[in-house]
Amino acid sequence: MHSRSVLSLALSFLLLLPACAIKYGLPTRGYGYPAGLSVLAPRFGSAGNYTYYPRYEAYYHHDLKQFYYPNGKNWEVKPTVLNSSVQEIRATPGVPFQLDAHPSKYHGQIKQAFPIDWSPGQGRADEFYEFGRSGWDLDNR
């Protein structure tokens, strides 16, 4: 009787696991988010609310259609960055993020992980997701 209870409990757990994955999702693959930033990665099925463009050191807020970027000690919020067009900026490699606060809160970490010359790893989006290993681990095999 005891083994049936354990088996029943194990089956219940296995049935709940996909529901949790659907609700909370898995991080988007292909960008190599370091462990500290993987919590800010959009989940599968979401594009995130910001895209960080390392070449311009700017964050594009998708809903507001505005760029957030540092200018000295202040942060600018404008429809474009300096003298670049939106099309030019969005044509460069970008990293999606789901940020719950102003980008300035995370900028130091993000800038370090995704320097100005960053580009997505070739073929990374096709790699199988491995539980317990961040994209950072996979990039540094």
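Residues are called buried here when their relative accessible area is under 20%, exposed when it is over 50%, and partly exposed in between, using a 1.4 Å probe and protein chains only. By that yardstick, buried residues make up 34% of the 141 residues in the protein chain. The model is predicted, so to speak of its limits: local features need pLDDT of at least 70, side-chain atom pairs count only at pLDDT 80 or more, and totals for chains, interfaces and linings use all residues. Numbering starts from 1 along each chain as its sequence is written, and side-chain values rest on heavy atoms, with hydrogens and water left out.

The protein chain holds 4 helices and 5 strands, where helices (H or I, at least four residues) and strands (E, at least two) are DSSP runs numbered from the N terminus. Read from the N terminus, the elements follow the order α-β-β-β-β-α-β-α-α. About 9300 Å² of the protein chain is exposed, and 57% of this area comes from carbon and sulfur atoms; the areas were computed by the Shrake-Rupley method with a 1.4 Å probe, and for residues only the protein chains shown count as cover. With contact taken as heavy atoms within 4.5 Å, residues 24 or more positions apart account for 56% of the contacts with a separation of 6 or more.

The strands form an open sheet of 5 strands in the order β4-β3-β2-β1-β5, with antiparallel pairing; two strands pair if DSSP finds at least two bridges between them. Because β4 (74-78) and β5 (95-97) stand at the edges with a single partner strand each, one side of each has no neighbour in the sheet. On average, neighbouring strands of this sheet are turned by 25° against each other, direction ignored; the axes are lines fitted to C-alpha atoms, for helices over the stretch in contact, and angles run from 0 to 180 degrees between N-to-C directions. Within the sheet, β2 (residues 58-61) and β3 (residues 66-71) pair in the antiparallel sense over 3 bridges, and Y60 stands opposite F67 in β3.

Next comes the interior. A nonpolar core is a set of buried Ala, Val, Leu, Ile, Met, Phe, Trp, Tyr and Cys residues joined through side-chain atoms within 4.5 Å. The largest has 16 residues, and L37, Y59, F97, L99, I110 and F114 have the most contacts inside it. At least two residues of this core come from each of β1 (50-53), β5 and α3 (107-113). Beyond its neighbours within four places in sequence, Y59 is in contact with residues including Y50, Y52, W75, L99 and I110. Another core, of 7 residues, lies apart from the largest one and includes Y53, A58, Y60 and V81.

Aromatic rings deserve a look of their own. The whole structure has 10 aromatic pairs, counted for rings of Phe, Tyr and Trp (its six-membered ring) with centres within 6.5 Å; planes under 30 degrees apart are stacked, over 60 edge-to-face and the rest tilted. Y52 and Y59 form a tilted pair, 4.6 Å centre to centre with 40° between the planes. Y52 counts as buried at 1% relative accessibility, and Y59 likewise at 0%. Y60 and F67, both buried, also form a tilted pair, with 4.7 Å between centres and 50° between planes. Ring pairs further link Y50, Y52, Y59, Y68 and W75 into a cluster.
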